[in-house]
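Visitor: I should like to take a close look at a single part of this structure. Please choose one strand and explain how it is built into its surroundings.

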There are 2 protein chains.
Amino acid sequence: MPYVSAPSDISRDHAAKRLAALATPPGALGRLGELSVWVASVQGQVPPHPVDNVRLVIFAGDHGVAAHGVSAFPPAITGAMVRTFLAGKAGVNALARAHGVAVRVLDLGVDEDFHDLDDGIRSALTAHKVRRSSGAIHLEDALTPDETRAALAAGAAVAREEIEAGAQLMISGDMGIGNTTPAAALVAAALGLPAAEVTGRGTGIDDSALTHKIAVIQAALDRTGARTEDPIETLTALGSSDLAASTGYLLAAAQDGVPVLLDGLMSVACALTADRIEPGAAAWFAAGHRSTEPAQSLALAKMGLEPLLDLGLRLGEGSGAVAAVPLIRSAVALLRDVALLDELEA
Amino acid sequence: MPYVSAPSDISRDHAAKRLAALATPPGALGRLGELSVWVASVQGQVPPHPVDNVRLVIFAGDHGVAAHGVSAFPPAITGAMVRTFLAGKAGVNALARAHGVAVRVLDLGVDEDFHDLDDGIRSALTAHKVRRSSGAIHLEDALTPDETRAALAAGAAVAREEIEAGAQLMISGDMGIGNTTPAAALVAAALGLPAAEVTGRGTGIDDSALTHKIAVIQAALDRTGARTEDPIETLTALGSSDLAASTGYLLAAAQDGVPVLLDGLMSVACALTADRIEPGAAAWFAAGHRSTEPAQSLALAKMGLEPLLDLGLRLGEGSGAVAAVPLIRSAVALLRDVALLDELEA
């Protein structure tokens, strides 16, 4: 696999000098000033280009563990929500239309075959499908090693299609009932933490279901043992085809030098896994929204990332990142368009 | 003066029901869900209309107290920044262009006459000018009672011009070296707090200047005494023509039932003053960005408002509110465009 290079130090330094030379009080642009310097460094361009072409890919899949009492919703919702994305009627569709973000949904491992859909729509949706559902991770591996490789490659191929289409900023979204369980397990494995420290309520389970979910994740970690030391083995044991594909997508973005705005737990768990596979990948990532899931904050802290928004969203789908896209555009506009103090004094 | 009516309870209830009926998990839209219900209640419309026409008015003025060591910048910067707004090169101009917000700058009390500007531009800029600068509030009243009345009326007239131009959401911005001193004094007067609890560093004063600024604000409060019990007397004693005009503008928006997105300390101090003049005005206001100035958080808490963003901006100008405008649009898009669960199941 190709290495990940670092964003441009030269552009970062040049952008920081431009930021300091703007006709604004020192530090007055706060996080937007810092963000503008990051955008310049990942673009290798000062001032940064406008970020018009923003592309979200939603990786959908089911999870064997969802049959074991870890979610407030039945697995059939996964396919129903895929149809809602295709109809443009889900939350993330509404946000994406409002902010000019392209949306693509892919079935990597939904536990149905979508035979009711038109052939063209169905074949685009399932073009990268790896399998139906995944193993229940507290009992068995989620994937075979071949499936993990196929999913990582599928995600990378999708990323390159999006980059070919002109992506200036990429987002990975998720859909899959039960997916906070494998995602939290990936974070626990990466950080060497017990299940109790990473487990959250997902879309809204009660106290007794939370206790059960912690036990399921701990059993999955115990079953996997020292294999968690390898990030790709970790995806095989604890992940799923949608999470592995999302990891491959984020890794390919970093390899190709295209910045990513991360969403909630699934997106961030995959980003952390990508950064384990290729250390340095996280330099290409910014964080859109603080999740209520503890694993997301832990993984972001490990990568040195601080979310831009904290609005209590727990919708998934990439929605928190899409809601934060205008802040990237704000940051770019400030570093591009504000007068330099020198110009005013001239 | 006309009374402020309440936003529509019927629309709020109807919007809350629609929010609960969306095909999303309960509460999954977080703050954006709450915000969408507020927009529906202030529009009296469910689902709410798109918020396309957003209008910022920047109220500029100088402050006599700025000659007394309360700011890191010299008063001449006020006029220089007014010219930068007119040239479209300030931070808020960059943000406003990025997010489709109309910007208008008005000189209410800048301590110069702008004779270098073209006649048309100068006459539009100074059409509502009340006076040059204001009294140094620790030594004397900021304004005469007639000047306060004129400034309140000017702000109301400006608001009605913006509403006539189709404003669906209004923002008040500020420019004036030294203006955090009178604004913090207005908040202290409204909340009955000592200067030490409300005073912040503005655009960046050091510890010894902060100690001095606290003493200046406390002297102003002590000088004003029981006159702080009346909000209009408080503007006369502790305000300025730009702050009084901004208060009149926000009050007129509330009277005419047009929602407002508040910015930093100046905008929020004026909002709190408007809510003192006409209790209930605050129901028409939402908060865009958390200021680092303690008086802003205190005033927002008093009005029951929680900011959408906390990005460490301390630029003033209305910039924090303009950066938050896309979140209003996100909220509206969600309540308008997401499928209802009933539709999916049908």
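Guide: What follows is a close look at strand β1 of chain B, in a model that is predicted.

Strand β1 of chain B covers residues 54–61. Eight of its eight residues are buried, so the strand is largely enclosed by the rest of the structure. In a regular strand, the side chains alternate between the two faces of the sheet. In β1(B), the residues B:V54, B:L56, B:I58 and B:A60 point one way. B:R55, B:V57, B:F59 and B:G61 point the other way, and the residues of both groups are buried.

The neighbouring strands come next. β1(B) runs parallel to β2(B), and eight bridges join the two. Within this pairing, B:V54 has B:V101 of β2(B) as its bridge partner. β1(B) also pairs with strand β3 of chain B, which holds residues 169–175; this pairing is likewise parallel and extends over seven bridges. Here B:L56 of β1(B) is matched with B:I171 of β3(B).

Let us now turn to individual side chains, beginning with the charged one. B:R55 forms a salt bridge with B:E162, with a distance of 2.6 Å from N to O. Because B:R55 lies in strand β1 and B:E162 in helix α6 (residues 145–164) of chain B, the pair ties together parts that are 107 residues apart in sequence. How accessible are the two partners, B:R55 and B:E162? The limit for a buried residue is under 20% relative accessible area. B:R55, at 18%, therefore counts as buried. B:E162, with 5%, is buried as well.

The neighbouring strand β2(B) carries a salt bridge of its own. The side chains of B:K129 and B:D107 meet at 2.7 Å, N to O. B:D107 belongs to strand β2 (residues 101–109), whereas B:K129 lies in the loop between α5 and α6 of chain B, so this pair ties together parts that are 22 residues apart in sequence. The two partners are not equally accessible: B:D107 has 0% relative accessibility and counts as buried, while B:K129, at 23%, counts as partly exposed. In chain A, A:D107 and A:K129 are linked with A:D111, A:D113 and A:R132 in a network of salt bridges. Over all chains, a search of the whole structure finds 40 salt bridges.

An aromatic side chain of the strand also deserves attention. The search over all chains finds two aromatic pairs. One of them joins A:F59 and A:Y249 in an edge-to-face arrangement, with 5.2 Å from centre to centre and 70° between the planes. In chain B, B:F59 and B:Y249 also form an edge-to-face pair, at 5.2 Å centre to centre and 70° between the planes. Since B:F59 lies in strand β1 and B:Y249 in helix α11 (residues 241–255) of chain B, the pair ties together parts that are 190 residues apart in sequence. Both B:F59 and B:Y249 are buried.

Finally, the two chains may be compared. A rotation of 180°, with 0.0 Å of shift along its axis, superposes chain B on chain A with an RMSD of 0.0 Å. That is the relation of a two-fold axis. The same surface serves both copies, as 100% of the contact residues of chain B recur in chain A.

Conventions. Residues are numbered from 1 along each chain as its sequence is written. Chains are lettered from A and ligands numbered from 1 in the order in which they are written. This is a predicted model: local features need pLDDT of at least 70, side-chain atom pairs count only at pLDDT 80 or more; totals for chains, interfaces and linings use all residues. Side-chain values use heavy atoms; hydrogens and water are left out. A salt bridge is a side-chain nitrogen of Lys or Arg within 4 Å of a carboxyl oxygen of Asp or Glu. Helices (H or I, at least four residues) and strands (E, at least two) are DSSP runs, numbered from the N terminus. Buried means under 20% relative accessible area, exposed over 50%, partly exposed in between (1.4 Å probe, protein chains only). Two strands pair if DSSP finds at least two bridges between them. Copies are superposed by least squares on the C-alpha atoms of residues with pLDDT of at least 70 in both. Contact means heavy atoms within 4.5 Å. Rings of Phe, Tyr and Trp (its six-membered ring) pair if their centres lie within 6.5 Å; planes under 30 degrees apart count as stacked, over 60 as edge-to-face and the rest as tilted.
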